[in-house]
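Subject: Structure handover

Hello,

Here is the structure I promised to pass on. Please open it first, then read my notes below.

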Amino acid sequence: GISRDELYKKLADAGIECSVHYCPLHMLSYYRNAYGYKYGDFPVAERAFSEIMSLPLHSGLLPWQMEYIANQVETLAR
């Protein structure tokens with residue numbers, strides 16, 4: 001497949017707004033400064049963060065929009 005960032009850009013080009021959330025705490029400046037955490041301390045969390053994104057999800061999505069999003073993810077993620 002392709003990377004999360006590549007898929008993110010392709011979905012944006014298709015008019016689908018996605019978000020990247022859930023940054024591991026040890027990557028935030030407060031925790032790095034306060035506790036001395038550094039990149040590589042929690043590789044599983046870092047890998048998960050590099051691979052996940054939030055797709056549009058709200059009660060206002062119409063069925064055709066959900067279908068469009070699902071089809072685009074399936075097509076573009078290849």
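**Salt bridges**

Aspartate 41 and lysine 38 join their side chains in a salt bridge, at 3.1 Å from N to O. A salt bridge here means a side-chain nitrogen of Lys or Arg within 4 Å of a carboxyl oxygen of Asp or Glu. By this rule there are four salt bridges. Side chains of opposite charge can pair when their charged atoms come close.

Before going on, note that this is a predicted model, where local features need pLDDT of at least 70, side-chain atom pairs count only at pLDDT 80 or more, and totals for chains, interfaces and linings use all residues. Residues are numbered from 1 along each chain as its sequence is written, and side-chain values use heavy atoms, with hydrogens and water left out.

Back to aspartate 41. Its relative accessible area is 30%, so aspartate 41 counts as partly exposed. The scale is this: buried is under 20% relative accessible area, exposed is over 50%, and partly exposed is in between (1.4 Å probe, protein chains only). The areas come from the Shrake-Rupley method with a 1.4 Å probe, and for residues only the protein chains shown count as cover.

Another salt bridge links glutamate 74 and arginine 78, with the closest N and O atoms 3.7 Å apart. Glutamate 74 is partly exposed, at 48% relative accessibility. Arginine 78 is exposed, at 67%.

**Helix α1**

Which residue meets lysine 9 in a salt bridge? It is aspartate 13, at 3.1 Å from N to O. The two are four residues apart in helix α1, so about one helical turn separates them. Helices are DSSP runs (H or I, at least four residues), and they are numbered from the N terminus. Lysine 9 has a relative accessible area of 51%, so lysine 9 is exposed. Aspartate 13 is exposed too.

Now turn α1 around. Arg4, Leu7 and Leu11 are buried. They fall within an arc of 65 degrees seen down the axis, so they line one face of the helix. That arc is taken from the directions from the helix axis to the C-beta atoms. Lys9 and Asp13 are on the other side of α1. The buried residues of α1 pack against α3 and α4. Contact means heavy atoms within 4.5 Å. After α1 comes glycine 15, with a positive phi near 85 degrees.

One distance to try on screen: lysine 9 and glycine 36 are 27 residues apart in sequence and 33 Å apart in space, C-alpha to C-alpha.

**Helix α4**

Helix α4 covers residues 63-76, which makes 14 residues. From first C-alpha to last it reaches 20 Å, close to the 20 Å expected at 1.5 Å a residue. The expected span is 1.5 Å times one less than the number of residues.

Ile69, Gln72 and Leu76 are buried in α4. They cover an arc of only 70 degrees around the axis, so they sit on the same side of α4. What covers them includes α1 (4-13). The face turned away carries the exposed residues Pro63, Trp64 and Glu67.

**A surface patch**

Tyr30, Tyr35, Tyr37 and Phe42 form a nonpolar patch on the surface, with about 450 Å² of accessible area together. Patch residues have over 30% relative accessible area and no salt bridge; like charges are joined within 9 Å, nonpolar side chains (Val, Leu, Ile, Met, Phe, Trp, Tyr) within 5 Å. Phenylalanine 42 is in the loop between α2 (29-35) and α3 (43-51). Phenylalanine 42 is partly exposed, at 40%.

Best wishes
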